[in-house]
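Dear colleague,

I am passing on a structure that you have not seen before, and my notes on what was found in it follow below. Please look through the sequence and the model first.

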Amino acid sequence: GLVFYACLKVLQPAFFAIDRRFVPMTVSLSMIAFNLIVNWITVFKLGWDHEALAWATAASIFINFCTLYVCMRKFAGHLYTRELLKRAGLILVAVAAMLLICAGPKWMFVQRWEHWGFLLRVTVLGGTISMGALTYFGMAHKLRIEEAADFTSIILRRFGKK
């Protein structure tokens, strides 16, 4: 849900720029109604727990984004959808590699760390995050994801390495 929420934060103002303010408002109101109905059904009728609320919210954000994207294609024309999907696929490959690296320590260490000291917890968690980041950016470099390379160059310039 967070990815599509971030996408909405980029897409919604574009409708204001092309003087189509009513479109995101109408879609958002309908998604609020959708979310309310799905939450009511899953919690009160099906008896599911709070996770159903999170899934319903994520689904409504996803549907909201997809609807606005289709509408923007109607108003703005070609939005390079194929290229965007290709880049998203490459990013998902890098994220999957990072997930594999981060899942190992989670299952091996984190589930048993209630008896560990604070410093050992911070070390394991920091090491896991560092290895995940290195894996992601290594895969991004291998897959030639331009945005990751741009981010890396900004960081290197900031710390005077380039």
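In these notes, Ala, Val, Leu, Ile, Met, Phe, Trp, Tyr, Cys and Pro count as nonpolar, Asp, Glu, Lys and Arg as charged, and the others, Gly among them, as polar. By these classes, the lining of the largest pocket holds 16 nonpolar, two polar and two charged residues.

The model is predicted, so local features need pLDDT of at least 70 and side-chain atom pairs count only at pLDDT 80 or more, while totals for chains, interfaces and linings use all residues. Residues are numbered from 1 along each chain as its sequence is written, and side-chain values use heavy atoms, with hydrogens and water left out.

The largest nonpolar core (buried Ala, Val, Leu, Ile, Met, Phe, Trp, Tyr and Cys residues joined through side-chain atoms within 4.5 Å, where buried means under 20% relative accessible area with a 1.4 Å probe, protein chains only) has eleven residues, including L8, F15, M31 and F65. The elements that give two or more residues to this core are α1, α2 (22–45) and α3, helices being DSSP runs of H or I with at least four residues, numbered from the N terminus. Among them, α3 gives the most, with five residues.

In helix α5, V124, T128, G132, T135, Y136 and A140 are buried, and what covers these buried residues includes α4 and α6 (146–158). Just after α5, R144 takes a positive phi of about 60°.

With best regards

Definitions and conventions. Buried means under 20% relative accessible area, exposed over 50%, partly exposed in between (1.4 Å probe, protein chains only). Contact means heavy atoms within 4.5 Å.
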